[in-house]
Amino acid sequence: MSEAAEVLIVGAGPVGLLTAVALAMSGVDVVVVEAEAKLNDSPRAAVYFSSSLVAIEALGLLEDLQANSLKVQRFGFHAPEFDYHPILSMGCMTGITYDY
């Protein structure tokens with residue numbers, strides 16, 4: 001790790017790491033610091049929406065992401081304290097660039 005960097009990113013979560021990759025690919029000297037002793041390798045996002053996929057594709061990471069992802073047309077979430085369990089359909093997205 002360099003002692004002086006142009007950018008310091010605090011937090012090695014998805015946003016921090018993707019920001020670091022984007023900056024480094026642009027030639028910026030970046031240092032990422034993380035409070036945890038090791039990176040958490042459990043899923044950090046259940047869904048990537050099209051705006052995120054545009055940025056991921058621009059970084060050249062979309063093909064790897066797609067190869068290691070499950071594409072679904074419906075997903076749900078649960079808020080049991082409110083007895084709320086919706087299931088959302090991505091069917092309305094059919095035909096757009098990222099229709100999943």
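A residue counts as buried under 20% relative accessible area, as exposed over 50%, and as partly exposed in between. In this predicted model, tyrosine 84 has a relative accessibility of 45%, so the residue counts as partly exposed. Phenylalanine 77, at 38%, counts as partly exposed too. These residues supply the one aromatic pair that a search of the whole structure finds. The ring centres of phenylalanine 77 and tyrosine 84 lie 5.9 Å apart, and the ring planes meet at 65°, so the pair is edge-to-face; the cut-off for that class is over 60 degrees.

The strands come next. Strand β1 covers residues 7-10 and strand β2 covers residues 30-33. The two run parallel and are joined by four bridges. One bridge can be named: valine 7 has valine 30 in β2 as its partner. Between the strands, the chain passes through α1, and the resulting β-α-β crossover is right-handed.

Helix α1 itself spans residues 14-25, twelve residues in total. From first C-alpha to last, the helix reaches 16 Å, close to the 16 Å expected at 1.5 Å a residue. Glycine 27 follows α1. The phi of glycine 27 is positive, near 90°.

Beyond β2, a loop leads to α2 (50-58), and glutamate 36 is found in this loop. The relative accessible area of glutamate 36 is 54%, so this residue is exposed. Glutamate 6 is 30 residues away from glutamate 36 along the chain. In space, the C-alpha atoms of these two glutamates are separated by 23 Å.

Methods: Residues numbered from 1 in each chain as written. Predicted model: local features only at pLDDT ≥ 70, side-chain atom pairs only at ≥ 80, totals over all residues. Heavy atoms only, no water. Expected span 1.5 Å × (residues − 1). Phe/Tyr/Trp six-rings, centres within 6.5 Å; stacked < 30°, edge-to-face > 60°. Buried < 20%, exposed > 50% of the residue type's maximum accessible area, 1.4 Å probe, protein only. Pairing = 2+ DSSP bridges. Right-handed = clockwise from strand over helix to strand, strands pointing away.
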